[in-house]
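This report describes a single protein model. The sequence and the coordinates are shown first, and the text then works outward from one residue.

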Amino acid sequence: MASLALLRPCTFHHTHKPSTLPLKPKPNSLSFSPLTPSPSKLKLRNPVVKANLSSPAPPERLISIAAYALPFFNSLQYGHNILTQYPKFALLFDPIIPFLSFYRSLPYASFVAFFALYLGIVRNPSFPQFVRFNAMQALTLDVLLVLPVLFQKIFSPGRYGLAFKVMVWSHNAVFVFSILCFVYSALSCLFGRTPYLPFVADAAARQI
């Protein structure tokens, strides 16, 4: 009988108290997980900046073209050999001879024009970015045109021999390069486009 008593289910009589713990709501399929931000908090990390597509005004284009006249005038000294060897090609430069004569007649004209462009335009925030960049690019090109003259004075190649031929070839290359840069830059500014000269544009952009 004792064994039968052990097999009977034990019944305990006690009152169940309601639980005071809040019930957690079941996850909704439309709710966002904690790792996913809500749509209202989503923001663009890289907002698109609207570019200024307005074309430069005619005065801005003319000022930019005039800035490239400084390295153009200073590069004509390297074209003596080409202009002498090809007189028909020299006829293309006849219209600018009066301007070149007036430029060279002024004392320290290159020095004054250089600092006028740098202080008056490049460092002047009232001018637009288009004009300032073109002025700085023209000044950078003008500085590079001084290097062949410095090399000539340091090494003194003379008037004969291989060193003289190398100097003539380098002067011809510098002259052709400067003419191409002037034509390309002037046409680009005329049509309202920003010219980017090789070996020059990056150095000019860092100064703006």
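In which loop does Tyr68 lie? In this predicted model, Tyr68 sits in the loop between helix 2 and helix 3.

**Tyr68 and its surroundings**

Tyr68 has a relative accessibility of 2% and counts as buried, because the cut-off for buried is under 20%. Leaving out residues up to four places away in sequence, Tyr68 touches Asn134, Gln137, Ala138, Phe182, Ser185, Cys189, Pro195 and Leu197. Ala135 is 67 residues from Tyr68 in sequence, yet the two C-alpha atoms are 7.3 Å apart.

**Overall make-up**

The protein has eleven helices and zero strands. Its pattern along the sequence is accordingly written α-α-α-α-α-α-α-α-α-α-α. Of its 208 residues, 27% count as buried. Among contacts with a sequence separation of 6 or more, 75% join residues that are 24 or more positions apart. The exposed area is about 16,100 Å², and carbon and sulfur atoms supply 69% of that area.

**Helix 2 and its two partners**

Two packed helices are described by the angle between their axes and the distance between the axes. The table lists these values for two pairs that involve helix 2.

| Helix pair | Angle between axes | Distance between axes |
|---|---|---|
| Helix 2 and helix 10 | about 170 degrees | 8 Å |
| Helix 2 and helix 8 | about 5 degrees | 8 Å |

How do helix 2 and helix 8 run relative to each other, parallel or antiparallel? The angle of about 5 degrees makes helix 2 roughly parallel to helix 8. Helix 2 and helix 10, in contrast, are roughly antiparallel to each other, because their angle of about 170 degrees falls in the range over 145 degrees.

Towards helix 8, helix 2 presents Glu60, Arg61, Ile63, Ser64 and Ala67, which meet Phe130, Val131, Asn134, Ala135 and Ala138. Towards helix 10, Arg61, Ser64 and Ile65 of helix 2 meet Phe182, Ala186, Cys189 and Leu190. Arg61 and Ser64 thus appear in the contact list with helix 8 and in the list with helix 10. Asn134 and Ala138, which meet helix 2, are also among the residues that Tyr68 touches. Phe182 and Cys189 likewise meet helix 2 and touch Tyr68.

Helix 8 covers residues 129-144. Its 16 residues reach 23 Å from first to last C-alpha, close to the 22 Å expected at 1.5 Å a residue. Of these 16 residues, 13 are buried, so the helix is mostly covered.

**Aromatic pairs**

How many aromatic pairs does the structure hold? There are nine. In one of them, the ring centres of Phe73 and Tyr103 are 5.3 Å apart and the planes stand at 45 degrees, so the pair is tilted. Phe73 belongs to helix 3 (residues 69-75) and Tyr103 to helix 6, so this pair ties together parts that are 30 residues apart in sequence. Both residues are buried: Phe73 has a relative accessible area of 14%, and Tyr103 one of 15%.

Phe89 and Phe93 form another aromatic pair, which is edge-to-face, with 5.5 Å from centre to centre and 80 degrees between the planes. Phe89 is partly exposed at 32% relative accessible area, whereas Phe93 is buried at 12%.

These four residues belong to one aromatic cluster, formed by Phe72, Phe73, Phe89, Phe93, Tyr103, Phe175 and Phe182. Phe182 also links this cluster to the neighbourhood described above, as a residue that meets helix 2 and touches Tyr68.

**Backbone exceptions**

Most residues other than glycine have a negative phi. Tyr108 has a positive phi of about 55 degrees although it is not a glycine. Its place is the loop between helix 6 (97-105) and helix 7 (109-122). Phe199 is a further non-glycine residue with a positive phi, here about 65 degrees. Phe199 lies in the loop between helix 10 (161-190) and helix 11 (201-205).

Are the side chains at these two positions buried or exposed? Tyr108 is exposed, with a relative accessible area of 66%, and Phe199 counts as exposed at 76% relative accessibility. Both values are over the 50% cut-off for exposed.

Terms used:
Residues numbered from 1 in each chain as written. Predicted model: local features only at pLDDT ≥ 70, side-chain atom pairs only at ≥ 80, totals over all residues. Heavy atoms only, no water. Helix = DSSP H or I, 4+ residues; strand = E, 2+ residues; numbered from the N terminus. Buried < 20%, exposed > 50% of the residue type's maximum accessible area, 1.4 Å probe, protein only. Contact = heavy atoms within 4.5 Å. Areas by Shrake-Rupley, 256 points an atom, 1.4 Å probe, with all protein chains shown as cover. Phe/Tyr/Trp six-rings, centres within 6.5 Å; stacked < 30°, edge-to-face > 60°. Expected span 1.5 Å × (residues − 1). Axes fitted to C-alpha atoms, helices over the stretch in contact; angles between N-to-C directions. Parallel < 35°, antiparallel > 145°, perpendicular 65-115°, else oblique.
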